[in-house]
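The following exercises are meant to be worked through with the sequence and the model in view. Each task is followed by a solution that proceeds step by step.

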Amino acid sequence: MAKVAVVTGASTGLGLHLSIMLAKQGMVTYATMRNLDKNRALLDEAHKQGIKIGEELIVKQLDVEESSSVQTCINAILQKVGKIDVLVNNAGAGFIRTTEQATEEEIKWALDVNLLGVIRCTKAVLPKMREARTGHIINISSVGGLVGQPFNEIYCAAKFAVEGYTESMASYIQPCFNVSFTLVEPGGIVSEFANNALSQFQEAGGMRDDEYRPIIEQYIQGAKNRSDDGVYQTSEEVAQVVLDCIVMDSPPVRMRTSQWAEDFCHIKTQTDPDGKRLQQKVLDTFLPHV
């Protein structure tokens with residue numbers, strides 16, 4: 001029987017292209033999104049690629065911010081096909097705002113979509129994977145999960161938490177139940193993600209006339225200039241890295257998706273680039289007899 005994959009946040013960007021690649025790879029792929037009205041780009045690309053919609057690629061509604069939505073979607077998939085081999089927690093959102101200027105509502109939203117959404121989806125698929133003693137959960141993190149960056153502290157806090165959550169799960173779920181966990185850490189992706197982050201920034205009041213203004217102006221201008229420095233990859237390029245990870249016999253705990261990302265995180269990752277050394281250290285410390 002073909003493997004079954006679930007991808008969240010599949011209406012645009014990385015989620016869209018990864019869903020297409022997985023379906024073409026022969027996996028029955030459930031491409032999920034919060035708003036099914038935004039499925040046109042995905043369906044058009046699937047049609048262009050000759051993918052059978054409804055068989056090789058199935059589009060379903062899933063809002064990572066709603067536990068009932070997550071559980072309803074995952075239960076429906078399990079009821080139909082009986083298993084989920086791969087979950088890619090891709091849904092997320094950028095958030096650019098200094099802590100002083102961010103409202104509590106905005107902070108809760110950024111943590112909800114970027115962190116709690118990952119936990120909700122993992123919680124939903126894990127019982128069946130554990131029972132089957134097989135599975136792979138891939139969490140799309142960021143270099144911002146390893147290195148804090150200006151005006152991204154709330155987003156980085158969420159991604160740092162995703163890193164810690166994934167490391168913790170990998171420390172015992174993988175050796176005890178044969179379910180793998182991997183963090184994928186892109187630098188920048190040319191997609192709607194960055195545009196949406198900037199749009200959200202503008203809608204929340206944009207630049208305010210205070211002491212932070214000249215600093216954030218420098219940051220935004222620098223972001224535009226960095227497009228020539230190899231920071232940004234296409235969604236297809238990152239999706240290929242994720243696909244390569246999925247088909248590995250022994251996937252890493254973490255992996256960057258470009259040379260720029262490797263160089264940027266090198267100070268933190270140089271002694272353990274794939275996270276397996278630390279994974280073994282934690283296992284030896286806390287569960288030496290597993």
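**Exercise 1. Determine which residue follows helix H2 with a positive phi, and describe the two sides of this helix.**

Solution. The model is a predicted one, and every value below is computed from it.

Step 1. Glycine 50 follows H2, and its phi is positive, near 75°.

Step 2. The helix itself spans residues 40-48, and its buried members are Leu42, Leu43, Glu45 and Ala46. These residues lie on the same side of H2, because they cover an arc of only 165° around the axis.

Step 3. His47 and Lys48 are exposed on the other side of H2.

Step 4. The packing partners of the buried residues of H2 are helix H1 (13-24), strand E2 (28-33) and strand E3 (57-61).

**Exercise 2. Find the buried and the exposed residues of helix H9, and state what the buried ones pack against.**

Solution. Step 1. H9 covers residues 259-269, with Ala261, Cys265 and Thr269 buried. Viewed down the axis of H9, the buried residues fall within an arc of 60°, so they line one face of the helix.

Step 2. The face turned away from the buried side of H9 carries Gln259, Asp263 and Ile267, which are exposed.

Step 3. E6 and strand E9 (254-256) are the elements against which the buried residues of H9 pack.

**Exercise 3. Which residues have the most contacts inside the largest nonpolar core, and which elements contribute to this core?**

Solution. Step 1. A general tendency is useful here: in soluble globular proteins, nonpolar side chains tend to be buried together.

Step 2. The largest nonpolar core has 34 residues, and Ile74, Ile77, Ile84 and Phe181 have the most contacts inside it.

Step 3. Two or more residues of this core come from each of strand E1 (4-7), helix H3 (67-81), helix H4 (104-132), helix H5 (153-177) and strand E6 (179-185). With eight residues, H4 gives the most.

Step 4. A second core, separate from this one, has 31 residues, including Leu18, Met27, Ala46 and Leu243.

**Exercise 4. List the contacts of phenylalanine 181 and of isoleucine 137, leaving aside residues up to four places away in sequence.**

Solution. Step 1. Phenylalanine 181 touches Thr122, Leu126, His136, Ile137, Thr166, Met169, Ala170, Ile173, Gln174, Pro252 and Val253.

Step 2. Isoleucine 137 lies in strand E5. Its relative accessible area is 0%, so isoleucine 137 is buried.

Step 3. The contacts of isoleucine 137 are Leu87, Asn89, Thr122, Val125, Leu126, Met129, Ser180, Phe181 and Thr182.

Step 4. Leucine 14 is 123 residues from isoleucine 137 in sequence, and their C-alpha atoms are 16 Å apart.

**Exercise 5. Phenylalanine 151 and asparagine 178 have a positive phi. Is each of them buried, partly exposed or exposed?**

Solution. Step 1. Phenylalanine 151 is situated in the loop between strand E5 (135-140) and H5, and its phi is near 65°. Its relative accessibility is 8%, so phenylalanine 151 counts as buried, the limit being under 20%.

Step 2. Asparagine 178 is situated in the loop between H5 and E6, and its phi is also near 65°. At 46% relative accessibility, asparagine 178 counts as partly exposed, because only values over 50% count as exposed.

**Exercise 6. Locate glutamine 149 and describe its surroundings.**

Solution. Step 1. The loop between E5 and H5 contains glutamine 149. This residue is partly exposed, with a relative accessible area of 24%.

Step 2. Apart from residues up to four places away in sequence, glutamine 149 touches Val143, Gly144, Cys156 and Phe264.

Step 3. Tyrosine 219 is 70 residues from glutamine 149 in sequence, with 10.0 Å between the C-alpha atoms.

**Exercise 7. Characterise the second largest pocket by its volume and its lining.**

Solution. Step 1. The volume of the second largest pocket is about 240 Å³.

Step 2. The lining of this pocket has 13 residues, of which Lys3, Thr134, Gly135, His136 and Ile246 are the closest to the centre.

Step 3. Sorted by character, the lining residues are five nonpolar, five polar and three charged.

Terms used:
Residues numbered from 1 in each chain as written. Predicted model: local features only at pLDDT ≥ 70, side-chain atom pairs only at ≥ 80, totals over all residues. Heavy atoms only, no water. 1 Å grid on protein atoms, 1.4 Å probe; cavity = no way out; pocket = protein on both sides within 12 Å on 5 of 7 lines; lining within 4 Å. Points joined across faces, edges and corners; volume = space filled by probe spheres on them. Nonpolar A, V, L, I, M, F, W, Y, C, P; charged D, E, K, R; others polar. Buried < 20%, exposed > 50% of the residue type's maximum accessible area, 1.4 Å probe, protein only. Helix = DSSP H or I, 4+ residues; strand = E, 2+ residues; numbered from the N terminus. Arc of directions from axis to C-beta. Contact = heavy atoms within 4.5 Å. Core = buried A, V, L, I, M, F, W, Y, C linked by side-chain atoms within 4.5 Å.
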